[in-house]
Amino acid sequence: MSYCGEMGDAIELSTREHETPEMNKLRQSLRRKKPTYVPEASRPHQWQADEEAVRKGKCNFPVRYLGLVEVEESRGMHVCEEAVKKQKV
């Protein structure tokens with residue numbers, strides 16, 4: 001909102017209060033729409049080749065060996081974080 005006027009008279013101007021439904025519809029259509037998120041599990045075509053390579057035993061993954069830390073559980077981000085903390089010590 002902005003105010004303007006002469007001789008100290010304030011007139012409130014609001015661009016959206018006096019907007020016609022057509023202008024509102026036009027503005028909405030011009031806004032960029034965010035792409036709909038599709039989880040990776042719902043995109044099997046993207047990892048089909050990887051699955052085939054794994055089954056054939058022909059996979060290569062570049063890795064760096066950081067060390068060995070024994071963990072109590074086999075999954076979870078908190079397990080990984082704790083292991084990295086132990087490794088840094």
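Accessible areas in this tour come from the Shrake-Rupley method with a 1.4 Å probe, and for residues only the protein chains shown count as cover. By that method the chain exposes about 9500 Å², of which carbon and sulfur atoms supply 56%.

The structure is a predicted model, in which local features need pLDDT of at least 70 and side-chain atom pairs count only at pLDDT 80 or more, while totals for chains, interfaces and linings use all residues. Residues are numbered from 1 along each chain as its sequence is written, and side-chain values use heavy atoms, with hydrogens and water left out.

**The whole chain**

Display the chain as a cartoon and colour it by secondary structure. Three helices and two strands are present, where helices (H or I, at least four residues) and strands (E, at least two) are DSSP runs numbered from the N terminus. Their order along the sequence is β-β-α-α-α. Of the 89 residues in the chain, 3% are buried; buried means under 20% relative accessible area, exposed means over 50%, and partly exposed lies in between (1.4 Å probe, protein chains only).

**Helix α1**

Select residues 21-30, which form helix α1 and include Met23. Add the side chains of Met23, Leu26 and Leu30: together they form a nonpolar patch on the surface with about 320 Å² of accessible area. Patches are made of residues with over 30% relative accessible area and no salt bridge, with like charges joined within 9 Å and nonpolar side chains (Val, Leu, Ile, Met, Phe, Trp, Tyr) within 5 Å. Met23 counts as partly exposed because its relative accessibility is 47%.

**Helix α2**

Move next to residues 44-56, the 13 residues of helix α2. The end C-alpha atoms of α2 are 18 Å apart, in agreement with the 18 Å expected at 1.5 Å a residue; the expected span is 1.5 Å times one less than the number of residues.

Show the side chains of Glu51 and Arg55, which meet in a salt bridge at 2.8 Å, N to O. The term denotes a side-chain nitrogen of Lys or Arg within 4 Å of a carboxyl oxygen of Asp or Glu. Glu51 and Arg55 are four residues apart in α2, so about one helical turn separates them. Glu51 is partly exposed at 29% relative accessibility, whereas Arg55 is exposed at 67%.

Then select Glu52 and Lys56, another salt bridge, with the closest N and O atoms 3.8 Å apart. This pair is also four residues apart in α2, about one helical turn. Lys56 is exposed, with a relative accessible area of 56%, and Glu52 is partly exposed, with 47%.

Just past the helix, select Gly57, which follows α2 and has a positive phi near 75°.

**Helix α3**

Continue to residues 77-88, helix α3, where Glu82 and Lys85 lie three residues apart, about one turn of the helix. The two form a salt bridge whose closest N and O atoms are 3.9 Å apart. Lys85 is exposed at 53% relative accessible area, while Glu82 is partly exposed at 42%. In the whole structure, the search finds three salt bridges.

**The cysteines**

Finally, select Cys59 and Cys80. Are these residues buried, partly exposed or exposed? Cys59 counts as partly exposed at 27% relative accessibility, and Cys80 counts as partly exposed at 45%. How many disulfides does a search of the whole structure find? The search finds zero, a disulfide being a pair of cysteine sulfur atoms within 2.5 Å.
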